[in-house]
Amino acid sequence: MSDLDGEYQVQIKANDNEDFTDFPNEVVIIPIMNSPIFPGMIAPIILTEEKFTPELDHYLMTSGYVALNLVKSELKDENGQFIDEEAIDLENREIKPADIYKVGVLCKVVKKLKLPDGSVNVLVHGVKRYRAFEYVQDTPLLRAKFEVFDDILEADEELDAYTRSVINQVKRLSEINPYFNEEMKLAMLNSPSPGALADLVAFAISLDIPEAQDFLETLVVKKRFAKLLVYLKREKDVADIQKKISDEVNDKVNKYQREYFLREQLKVIRSELGMDEDEKSRDLKKMQEKLEDCGMPETALKSAKEEMERLEVIPDSSPEYNVARTYLNWMLDLPWSKSSEDKVDIANAKKILEKEHYGLEKAKERILEFLAVRKLKPNFDGTILCLSGPPGVGKTSMGKSIASSLGREFYRFSLGGMRDEAEIKGHRRTYVGAMPGKIIQALKRVEVNNPVIMLDEIDKLGTSHQGDPASALLEVLDPEQNSTFIDSYLDVPFDLSKVLFIATANYIGNIPEPLMDRMEIIELSGYTIEEKVSIANKWVVPKLLNKHGLDKAEFTLSAKVLKKIITDYAREPGVRVMEQFLAKLCRKAALEKVSSKRKKKFTPKVEQLEDLLGPARFQSELAGKAFNPGVVTGLAWTAYGGEILFIETLPLKGKGFKLTGQLGDVMNESANLAYSYVKRLLQQESPKNKKTKDGEGEDFLANHEVHLHLPAGATPKDGPSAGITMALALYSLASNKKVKSSLAMTGELSLTGKVLPVGGIKEKVLAAKRAGIRTIILPKQNEKDLKEVPERHRRGLKFFPVSHFDEVLKVALSK
């Protein structure tokens, strides 16, 4: 409740005749929108040229008083709804009587001064609190009749305690708030009354409009002091927080300044005593020596010198110093002119390749040709090799052998899953923690500019919003461009033409065409059973024995056991899975050696393998077993080498043709084509089979629904190479004739019965031999591809090149 209501009204009116004769009956009200002027204060009021009207000027000349009232913080429109303050312009809005508080301060006009911009500075002296009780005029000036009030002062000990508390609070606040200076303290001591003291302190505090108005309407001095103590406590808390923030900032600044001054003083002291140079000077001296010896080209040397000059003027306490220093260290550590000497010895290279790799004659021959060219022309550049083949066939170790044959350093990094081109070309130095790309990092580690760098799993590069690493590799692998390769971090050209890049891939179909054009593909096919047995005896078993702490006298495996492991447990093209199962046997042998009291040689037999390794993963000689009519063995190519697949057909009641086994679009079309061709073929043979029973001949496919299925339904299958296989399965089912055992085939079938060529012949032949196939039917046009299959792999196999499906029937069907 305001002190202007209730019992105080009577007391105020009792003083109506006291000094009221000096005040006019009416006064002009000037609305103000910031902190109020309390009685006893002298303060300026700036009125704009628009606000200082001729009527106001005339009034100020004729009357010595003006009233100042605060504008309400929440304005209402004509309907009583609150108006958003941000949506209105309070400076230019016409203020109405309802927009201002009724209680304000009556002021004496001391002086007015016109300013150069047209505005007027009016200096006023607050005299009394007053209340406007009747508005006489609202335009062009806001006039009102009013009544003035005096402070209600009850002098006692409580008031004295309030006064002292306020003075003490102000003293404490003066220590952290510069506004409460000595002049303020002096004014407080000279205050004529406790009420004036309270008004003076309130004037010095930044109160918002509702608080200021409430304080203005409080006539009882004790209540005024009580409110003031709350405001002072809040001001003290805010000032403490500001001081804490300011102290923290100053401490950090002072720490850096102190460190800088101490370092400078330390430099002077070291210089005076003739002591060693400081750390920065030593670093710069070492860098300068490296710069002179590293043999940089002109462009890189210029950039390094500019960075060195910049480093000299940067304080070593600055974060920029470490950024520039790291960049210079990278530049100076790179082998700009340091090369290893090639030691090309063809005989020694051949010996190394034969020692470390079994088979792979074509790949070895191509590598020896490559080394021969290097011997004749050492600065030859232009060939980038890509070793392609299934996992575990020795692609990575082949790259190491090439480096060993050349006498060069070898470095390998994997590209599998790489999605950011900055991994190849580096990050710009503007980023925090920026680094060069993998190529530059490799050169720094090997410390020569002509190493062998293996780009492993190049077919597994990814793409993302951060860029395409395959596109970044185009510059690296192009002999015409890589002599001026620019890493984003270094931002200067580096010559990669002396680097020998070797890539590896499982499936070259995943490599982008522009990237594949820059590489020569060398295919490494899978191994046969005999080759795997030889590899196991010569390399895998000795390596595993050494790894598991065993020797030859304690562990032996017969050729029969090895063949059983390869055919039943590790039928993949490479030797990695075989190595895993052999390692399992080594662990069993190690356990037996530790557990047994007397020494016993570990020599497992074929019948013991199931107990040692678990159930067989593959069924031995599965391809050699006899099947019912309608089941045929085919040959397929995958990214991991060749495989055999079985095509099964089944007659059902009804009509139609059903396909299952997760077949792709091309394979679906190939199956439908085979169905149409066989149906036509049976119709042509119908005169010969007119008297056959059970719907054979002409009526079989017309009167039966045929279901064709390729097992391993979870594996996607596609391609046209199973065309003749599916056609033979349908013909075998319709004619009720079995297909010969141990026979497999591959070839695309045309609608007229022609057998068209397919790919992957070498891998398919190897898969057939691994599976125990003895007879292979293949397209006539693929006969030339058999030359790529080594003689020892073809040994024991019969090949039947065919150009028409009629030939397939003659070879495949049992008489």
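Helices here are DSSP runs of H or I with at least four residues, strands are DSSP runs of E with at least two, and both are numbered from the N terminus. The views below show a predicted model.

**Figure 1. The whole protein, with its 27 helices and 22 strands.** Let's begin with an overview. Of the 815 residues in the protein, 45% are buried. The accessible surface comes to about 43400 Å², and carbon and sulfur atoms account for 50% of that area. Taking the contacts between residues at least 6 apart in sequence, 75% join residues at least 24 apart.

**Figure 2. The largest pocket, holding about 910 Å³ of space.** I30, P31, L47, K51 and I95 are the closest to the pocket centre among its 30 lining residues. Two elements, β1 (26–32) and β2 (42–47), each give two or more residues to this lining. By residue class, the lining of the largest pocket has 18 nonpolar, 6 polar and 6 charged members.

**Figure 3. The second largest cavity, with a volume of about 60 Å³.** The structure holds 7 cavities of 30 Å³ or more, and this view picks out one of them. Which residues line the second largest cavity? They are K362, E523, S525, K762 and E788. The lining of this cavity has 4 charged residues, 1 polar residue and no nonpolar ones.

**Figure 4. Y59 in helix α2 and its neighbours.** With a relative accessible area of 5%, Y59 is under the 20% cut-off and so counts as buried. Leaving out residues up to four places away in sequence, Y59 touches E26, V27, V28, Y65, L141 and R143. For one of these partners, V27, the C-alpha to C-alpha distance to Y59 is 9.5 Å, with the two positions 32 residues apart in sequence numbering.

**Figure 5. T48 in the loop between β2 and α2 (54–62).** Is T48 buried or exposed? Its relative accessible area is 35%, so T48 falls between the two cut-offs of 20% and 50% and is partly exposed. T48 and N121 are 73 residues apart in sequence, while their C-alpha atoms are 8.9 Å apart in space.

**Figure 6. The cis peptide bond from T139 to P140.** The omega angle of this bond is near -10 degrees. P140 itself sits in the loop that runs between β5 (120–137) and β6 (143–149). As background for this view and the two loop views that follow, most peptide bonds are trans, and most residues other than glycine have a negative phi.

**Figure 7. D491, a residue other than glycine with a positive phi.** Phi of D491 is near 65 degrees. D491 belongs to the loop between β10 (485–486) and β11 (493–494). A relative accessible area of 58% is over the 50% cut-off, so D491 counts as exposed.

**Figure 8. Q662, in the loop leading from β16 (656–660) to α22 (665–685).** Here too the backbone deserves a look: Q662 is not a glycine, yet its phi is positive, at about 55 degrees. How accessible is Q662? Its relative accessibility of 43% makes it partly exposed.

**Figure 9. Helix α22 and the elements packed against it.** The 21 residues of α22 reach 31 Å from first C-alpha to last, close to the 30 Å expected at 1.5 Å a residue. Buried residues of this helix include M667, S670, A671, A674, Y675 and Y677. Further along, V678, L681, L682 and E685 are buried as well. The buried residues of α22 pack against β16, α23 (700–703), α24 (723–735), β19 (748–749) and α27 (805–812).

**Figure 10. Helix α5 (residues 194–204), largely enclosed by the rest of the structure.** Why is α5 described as largely enclosed? The reason is that 9 of its 11 residues are buried. These are G195, A196, L197, A198, D199, L200, V201, A202 and A204.

**Figure 11. E307 in helix α9 (residues 298–313).** At a relative accessible area of 7%, E307 is buried. Setting aside residues up to four places away in sequence, E307 touches A324, Y327, L328 and R429.

Key
Residues are numbered from 1 along each chain as its sequence is written. This is a predicted model: local features need pLDDT of at least 70, side-chain atom pairs count only at pLDDT 80 or more; totals for chains, interfaces and linings use all residues. Side-chain values use heavy atoms; hydrogens and water are left out. Buried means under 20% relative accessible area, exposed over 50%, partly exposed in between (1.4 Å probe, protein chains only). Contact means heavy atoms within 4.5 Å. On a 1 Å grid over the protein atoms alone, a cavity is a set of points where a 1.4 Å probe fits but cannot get out, and a pocket is an open set with protein on both sides within 12 Å along at least five of seven lines; lining residues have an atom within 4 Å of a point. Grid points are joined across faces, edges and corners, and a volume is the space filled by probe spheres set on the points. Ala, Val, Leu, Ile, Met, Phe, Trp, Tyr, Cys and Pro count as nonpolar, Asp, Glu, Lys and Arg as charged, and the others, Gly among them, as polar. Accessible areas come from the Shrake-Rupley method with a 1.4 Å probe; for residues, only the protein chains shown count as cover. The expected span of a helix is 1.5 Å times one less than its number of residues.
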